[in-house]
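Thank you all for making the time. I would like to walk through one structure with you, starting from a single residue and working outwards, and I will try to keep each statement tied to what can be seen in the coordinates.

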Amino acid sequence: MINVKVINITWEKIEFEQSQINMYSNEIDFGIYQIYGQHPAYGRDSLLYIGKAEMFASRLKERFEFLESCAIPTSIRLGRLTNSKLEDELNIGAEEKDRLIAIAEKILIKSHAPAFNKQDNSGLFSATGIDGQHYIIRNWEDYGCLLPEISTLKLSYRFWAFDNPVI
């Protein structure tokens, strides 16, 4: 039997403008973000970058470096960990929340390969997932071009054993 942990992320979209970003200055406002924009090879409204932030406002202000690149950012999607009912943010300790955000960021980057992420986003996860645990990420609300559900099981070598395929 395989143990799978579900990570729910609820997303909201904001414009890539300093005034919009300044609204997210609360210390508890942290999670994962996506940057979208015009890319010379991938076209309009392309997924440019996925990252994590302890405080959205301070981290996103640093992301204005994209203005000096060949891409033209247009919007940001902010994602927060939520409970299974999606009513509230997940009520867990800060250390566990940071750990889950880091895991979710890794899975999202590996499964979507954004244009400007420098982390290794190629290949599959091992048969044991991440540190021996498999995950399903469920994206809710305005999640952009992300898949609604991503699983380390789908992205795992477990299903690519060519001498004995799992059917």
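**Salt bridges and the sheet**

Let me begin with Arg-77, which has a relative accessible area of 6% and is therefore buried, given that the cut-off for that label is under 20%. Before going further, I should say that this is a predicted model, and that you should hear everything that follows with that in mind.

What does Arg-77 form a salt bridge with? The partner is Asp-142, and the closest N and O atoms of the two residues are 3.1 Å apart. This pair links distant parts of the chain, since Arg-77 belongs to strand 4 while Asp-142 sits in the loop between strand 5 and strand 6, 65 residues apart. Asp-142 has a relative accessibility of 32% and so counts as partly exposed, whereas Arg-77, as I said, is buried.

As a reminder of the general background, side chains of opposite charge can pair when their charged atoms come close. How many salt bridges does the structure hold? There are three, and I will take the other two in turn.

Arg-80 pairs with Glu-12, with 2.8 Å between the closest N and O atoms. Because Arg-80 lies in strand 4 and Glu-12 in strand 1, which covers residues 4-15, this salt bridge ties together parts that are 68 residues apart in sequence. Is Arg-80 buried or exposed? With a relative accessibility of 12%, Arg-80 counts as buried, while Glu-12, at a relative accessible area of 28%, is partly exposed.

The remaining salt bridge joins Arg-99 to Glu-96, whose closest N and O atoms are 3.0 Å apart. Both of these residues lie in helix 3, residues 94-112, and they are three residues apart, which is about one turn of the helix. Arg-99 is partly exposed, with a relative accessible area of 37%, and Glu-96 also counts as partly exposed, at 28% relative accessibility.

Let me now turn to the sheet. It is an open sheet of six strands, the order is 3-2-4-1-5-6, and the pairing is mixed. Which strands stand at the edges? They are strand 3 and strand 6, the latter made of residues 149-151, and because each has a single partner strand, one side of each is left without a neighbour in the sheet. Direction ignored, neighbouring strands of this sheet are turned by 25 degrees against each other on average.

In general, strands of a sheet pair through backbone hydrogen bonds, either parallel or antiparallel. At one edge here, strand 6 pairs with strand 5, residues 134-141, in the antiparallel sense and over three bridges, and within that pairing Ile-150 of strand 6 is the bridge partner of Ile-137.

Towards the other edge we come to strand 2, residues 31-39, which is mostly covered, with eight of its nine residues buried. Strand 2 pairs with strand 3 in the antiparallel sense over eight bridges, and these two strands form a hairpin with three residues between them. Strand 2 also pairs with strand 4, again in the antiparallel sense, over seven bridges. Ile-35 is a useful residue to select in the viewer here, since Ile-35 stands opposite Tyr-49 in strand 3 and has Ile-76 as its bridge partner in strand 4.

I would like to finish with two residues on the strands that flank strand 2. Ser-46 lies in strand 3, residues 43-53, and, with a relative accessible area of 9%, it is buried. Its side chain reaches the backbone oxygen of Gly-43 at 2.9 Å. If we leave aside neighbours within four places in sequence, the contacts of Ser-46 are Ile-35, Tyr-36, Gly-37 and His-39.

Thr-74, by comparison, lies in strand 4, residues 72-82, and is partly exposed, with a relative accessible area of 35%. Its C-alpha atom is separated by 7.4 Å from that of Gln-38, although the two residues are 36 residues apart along the chain. With neighbours within four places in sequence again left aside, Thr-74 is in contact with Glu-15, Phe-16, Tyr-36, Gly-37 and Asp-45.

Key: Residues numbered from 1 in each chain as written. Predicted model: local features only at pLDDT ≥ 70, side-chain atom pairs only at ≥ 80, totals over all residues. Heavy atoms only, no water. Helix = DSSP H or I, 4+ residues; strand = E, 2+ residues; numbered from the N terminus. Buried < 20%, exposed > 50% of the residue type's maximum accessible area, 1.4 Å probe, protein only. Polar contact = N/O pair within 3.5 Å; in protein donor to acceptor, adjacent residues only side chain to side chain. Contact = heavy atoms within 4.5 Å. Pairing = 2+ DSSP bridges. Axes fitted to C-alpha atoms, helices over the stretch in contact; angles between N-to-C directions. Salt bridge = Lys/Arg side-chain N within 4 Å of Asp/Glu carboxyl O.
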